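Here is a short briefing to read alongside the sequence and the 3D view. Take a moment to find your way around, then follow the points below.

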Amino acid sequence: MIHARGLARTFEGRGRGKAQEEVKAVAGVDIDLAEGEIVGFLGPNGAGKTTTLRMLTTLLKPTAGSATVAGFDVATQSQQVRRSIGYVSQSGSTSPEARAGEEVVDHGMLYGISQKQAESRGRELFEQLDLEGLWERKPQAMSGGQRRRLDTAMGLVHDPTLVFLDEPTTGLDPQARANLWTHISDLRTRRGATIFLTTHYLDEADALCDRILVIDHGSIVASDTPDALKRQVAGDLVSLVVADASKAAAAAELLGRIADTEVEVTGAQAGAAVSARVRGAGHEVAGLIRGLDAAGIDLESIEVRRPTLDDVFLDLTGRSLREQGA
Amino acid sequence: MFWRETYIVFRRQLRMALRNPAWVIIGLVQPILYLCLFGPLLEPLAGTLGAENAYTLFVPGLLVQLGLFGALFAGFGLIAEWRAGVIEAERVTPASRTALLLGRILRDVLQLFVQGLVLIGLAFLFGLTGSLPGMALGLVLTVLLGAACAAASNALALTTKSEDVMAPVINSVALPVLLLSGILLPMTIGPQWLQVVSDFMPTKYIVNAIRELFTGDFWTITTMWGVLWTLVLFAAGLWVGTRTFRRENA
Ligand SMILES: Nc1ncnc2c1ncn2[C@@H]1O[C@H](COP(=O)(O)OP(=O)(O)OP(=O)(O)O)[C@@H](O)[C@H]1O
Ligand SMILES: [Mg+2]
């Protein structure tokens, strides 16, 4: 459904004087989506997610590279591309003073569907997205999360089979988020839709997507299934907190015997933490505890954490996404 | 398809405008205020200006002023819409880019048309006399001029995307146009140099043409020039507008 080769976009910096700085927002990406796939597009702020989506949805001309979307070239057949897709932008799509329902209907009609059709599909979406009773409401009198769901309804009113969602769950409460996930997977199972969505939330990508593309500084740094990406990280994280800091070295030695990575020791005072990654920690950790016990090392706590996409992300980009989500 | 899309955009704009009482009231009060507060000042001057009827002289100027000013500021609404993401949402649909512009212009044109009707209708109460078909034609010229200004204003809005840039640009265009077009007083009463400068104002010819049309002179050189300039401005405005709206990444 989507094939992009070397897609790139550079923005002319509006630097003063001679400092005409160029911003390489997207530095040549290859993207392939098969029909019926749900693919997550992950990356920190400013990585180039929105810019890529705007190129694929014909809103922005690429400075280099090419892309076909739903079989049409984004540069030369933009009209056909637009007819085949739905797009939920990151930054809203309705006038604050308009009425929500009318915005949705008008938007659907611009895609060529009849007023009746747009209205019935719009009301159906309002119901599914928990916007019941807000049909007549002005967006300026809606909560942030309600407005976000209204944007989603706008992008879906014409029943597109290829949907681009730019951070659809930003600002949603956990329940609304889970509800939207269900809705998105239903689009695939019920309507056979293909979905390309950006997110900062690793749990979201993990729960929803068949495949994940990780973008950083305008380049794709990883593309795989969530599980395969997680397997790239060497093992589960085993962290011990040792009650008596003087025994931290001994604990580190014992952990080192089963660890697949260097053992890290932090905090020299009471409650020193010792951690390392261990493949198949569930199997190894019982022996470790027995060993620690035999050596007379008391633990305040022990934690075994399976690798998350956050760890993958940290591995790939040297930056964590944790503070933004998950 | 194209007209359907234009209609969808137009209907949306009109619906939002009509729900805004300020828009409706200010739109209607504007011509009334001009007529009531400025008309009486001109009445005693009519003779000196070479007109039999002060309102036949005055109303055409007011029409052009309404057309210029109302429409030149139309772009500000577009910036607000752009900021809310509406423009991008519309541009991602297959709708014609020209329709997105035309639907908006049509609303401004309708507003202008209604204002013009109110103005002319009210002026009759004040003593306007003249040729009805001429007035109708004058109103048509006004509306075409307004459409050109609205298109240009929308194009400027989409290019600058900033009220702070747009306001000074529009003011610096509108003020000389207002002063040099003989909108309130005919340029013929001014000194020679002022008349020469005003010869470069297309809108002067339009005001003059509408004045002649109001008195019933259809086939004069003055009206021909006015009609010509109106059509030229109309074509130029629409060309700039559609070009801007079609441009990718606008
Ligand atoms: N119109 C523009 N002009 C100049 N630079 C831009 C423009 N749009 C985006 N950029 C720059 O391009 C880079 C990529 O931006 P983009 O919006 O694609 O990031 P993103 O991955 O969507 O980030 P976020 O998670 O914050 O939404 C950023 O450095 C941004 O500052
Ligand atoms: Mg973004």
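In this predicted model, a backbone N or O atom of Gly46(A) lies 2.8 Å from an oxygen atom of ligand 1. Let's start with the surroundings of that ligand and then move on to the place where chain A and chain B meet.

**Polar contacts to ligand 1**

- Besides the backbone of Gly46(A), look for the side chain of Lys49(A), which places an N or O atom 2.7 Å from an oxygen atom of ligand 1.
- Thr50(A) also takes part through its side chain, with a polar atom 2.7 Å from an oxygen atom of ligand 1.
- How much of ligand 1 does the protein cover? On its own the ligand has 640 Å² of accessible area, and the protein covers 63% of that.

**The shell around ligand 1**

- Two elements of chain A give two or more residues to this shell: strand E2 (22-33) and helix H1 (49-56).
- H1(A) gives the most, with 3 residues.
- In total, 14 residues surround ligand 1, and Thr51(A) and His200(A) are among the closest.
- Sorted by character, the shell holds 7 polar, 5 nonpolar and 2 charged residues.

**Where chain A meets chain B**

- Chain A brings 32 residues to the contact, while chain B brings 25 residues.
- Together the two chains bury about 2500 Å², and 51% of this lies on carbon and sulfur atoms.
- Which residues of chain A lose the most area to chain B? They are Leu59(A), Arg82(A) and Leu110(A), which together make up 26% of what that side buries.

**Charged and polar pairs between the chains**

- The interface of chain A and chain B has 6 salt bridges.
- If you would like one to find in the 3D view, try Arg12(B) and Glu103(A), which form a salt bridge with their closest N and O atoms 2.5 Å apart.
- Polar contacts link 12 residue pairs between chain A and chain B, counting pairs with both residues at pLDDT 80 or more.

**The chain A side of the interface**

- Helix H2 (78-84) and helix H3 (100-110) of chain A are the elements that give two or more residues to the side touching chain B.
- Which element gives the largest share of this side? That is H3(A), with 6 residues.
- By character, this side of chain A has 13 polar, 10 charged and 9 nonpolar residues.

Definitions and conventions. Residues numbered from 1 in each chain as written. Chains lettered and ligands numbered in written order. Predicted model: local features only at pLDDT ≥ 70, side-chain atom pairs only at ≥ 80, totals over all residues. Heavy atoms only, no water. Contact = heavy atoms within 4.5 Å. Buried area = accessible area lost by both parts, 1.4 Å probe. Salt bridge = Lys/Arg side-chain N within 4 Å of Asp/Glu carboxyl O. Polar contact = N/O pair within 3.5 Å; in protein donor to acceptor, adjacent residues only side chain to side chain. Helix = DSSP H or I, 4+ residues; strand = E, 2+ residues; numbered from the N terminus. Nonpolar A, V, L, I, M, F, W, Y, C, P; charged D, E, K, R; others polar. Near = heavy atom within 4 Å. Areas by Shrake-Rupley, 256 points an atom, 1.4 Å probe, with all protein chains shown as cover.
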